[in-house]
Amino acid sequence: MKLLITVFASIFLWLSSVPGASAQDVAYYGFEPDITTNYLKEGNDYRLGFIRVAVEVMVPDPSYISVVEHHAPLLRNAFVSILSTATERQVRTMTGRDQLRLKCVERAKELMQQETGNPVIRDVIFTKYIYQ
């Protein structure tokens, strides 16, 4: 038992000394208020469904937060555009949800590259996802 604890402690110390990205290398910016928009439900009755998403973007350096904050209206508009054109299947399934998130990442990077010359955004995270 003592040997097992020693082995785990050694592995932990070794892994903690391996260089890599630390938690302080990234920062997050949350869009307030949550994004609420509609999507077209499938079927012949053309009813609208509603989706509410809390979106946060991950940036590789805390100094980029002010850049993201400055361009927040542009990014928010892109996210609303992507979510409002989603199909019911995309909104309701896990794979569709991830496709929407990846579209948001791609579009955000593209917009930030155009505006600042740097993609700035590392990832987009949906911290709340409610649909009806």
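**Note on the predicted model: strands, aromatic pairs, helix 5 and the core**

1. Strand 1 and strand 3 (residues 48-59) run antiparallel and are paired over four bridges. Within this pairing, Y28 has M58 of strand 3 as its bridge partner. The model is a predicted one, and what follows should be read as a description of that prediction.

2. Strand 1 has two faces. A27 and Y29 make up the covered face, while Y28 and G30 make up the uncovered one. Y29 of the covered face also belongs to a cluster, in which ring pairs link it with F31 and F79.

3. How many aromatic pairs does the whole structure hold? The search finds four. One of them is F31 with F79, an edge-to-face pair whose centres are 5.4 Å apart and whose planes make an angle of 85 degrees. This pair links distant parts of the chain: F31 sits in the loop between strand 1 (27-30) and strand 2 (35-40), F79 sits in helix 3 (residues 72-84), and the two are 48 residues apart. F31 and F79 are both buried.

4. Another pair is formed by F126 and Y129. Why is it called stacked? The ring centres are 5.9 Å apart and the planes are at 25 degrees, and planes under 30 degrees apart count as stacked. Both residues are on the buried side of the 20% cut-off: F126 is buried because its relative accessible area is 17%, and Y129 is buried because its relative accessibility is 14%.

5. Helix 5 (residues 94-116) has 23 residues. From first C-alpha to last, helix 5 reaches 32 Å, close to the 33 Å expected at 1.5 Å a residue. After the helix comes G117, which has a positive phi, near 80 degrees.

6. Which residues of helix 5 are buried? They are G96, L100, R101, C104, V105, A108, L111 and M112. An α-helix has 3.6 residues a turn, so residues three or four places apart point the same way. The buried residues of helix 5 pack against helix 2 (65-70), helix 3, helix 4 (88-92) and strand 4 (123-131).

7. R101, a member of helix 5, appears in that list of buried residues. A polar atom of the R101 side chain lies 3.2 Å from the backbone oxygen of V124. Apart from neighbours within four places in sequence, R101 is in contact with D123, V124 and F126.

8. E115 is also in helix 5. Is E115 buried or partly exposed? E115 counts as partly exposed because its relative accessible area is 45%, which falls between the 20% and 50% limits. Not counting residues up to four places away in sequence, E115 touches H71 and L74. The C-alpha atoms of E115 and V67 are separated by 9.9 Å, although these residues are 48 residues apart along the chain.

9. The largest nonpolar core has 30 residues, and L75, F79, I121, V124 and F126 touch the most other members. At least two residues of this core come from each of strand 1, strand 2, strand 3, helix 3, helix 5 and strand 4. F79 is thus named twice here, in the core and in the ring cluster with Y29 and F31. In soluble globular proteins, nonpolar side chains tend to be buried together.

10. What does I121 touch, not counting residues up to four places away in sequence? The residues are V57, M58, V59, V68, L75, A108, K109 and M112. Among them, M58 is the bridge partner of Y28, and A108 and M112 are buried residues of helix 5.

Technical notes: Residues are numbered from 1 along each chain as its sequence is written. This is a predicted model: local features need pLDDT of at least 70, side-chain atom pairs count only at pLDDT 80 or more; totals for chains, interfaces and linings use all residues. Side-chain values use heavy atoms; hydrogens and water are left out. Rings of Phe, Tyr and Trp (its six-membered ring) pair if their centres lie within 6.5 Å; planes under 30 degrees apart count as stacked, over 60 as edge-to-face and the rest as tilted. Buried means under 20% relative accessible area, exposed over 50%, partly exposed in between (1.4 Å probe, protein chains only). Two strands pair if DSSP finds at least two bridges between them. The expected span of a helix is 1.5 Å times one less than its number of residues. Contact means heavy atoms within 4.5 Å. A polar contact is a pair of N or O atoms within 3.5 Å; within protein, one must be able to donate a hydrogen and the other to accept it, and residues adjacent in sequence count only if both atoms are side-chain atoms. A nonpolar core is a set of buried Ala, Val, Leu, Ile, Met, Phe, Trp, Tyr and Cys residues joined through side-chain atoms within 4.5 Å.
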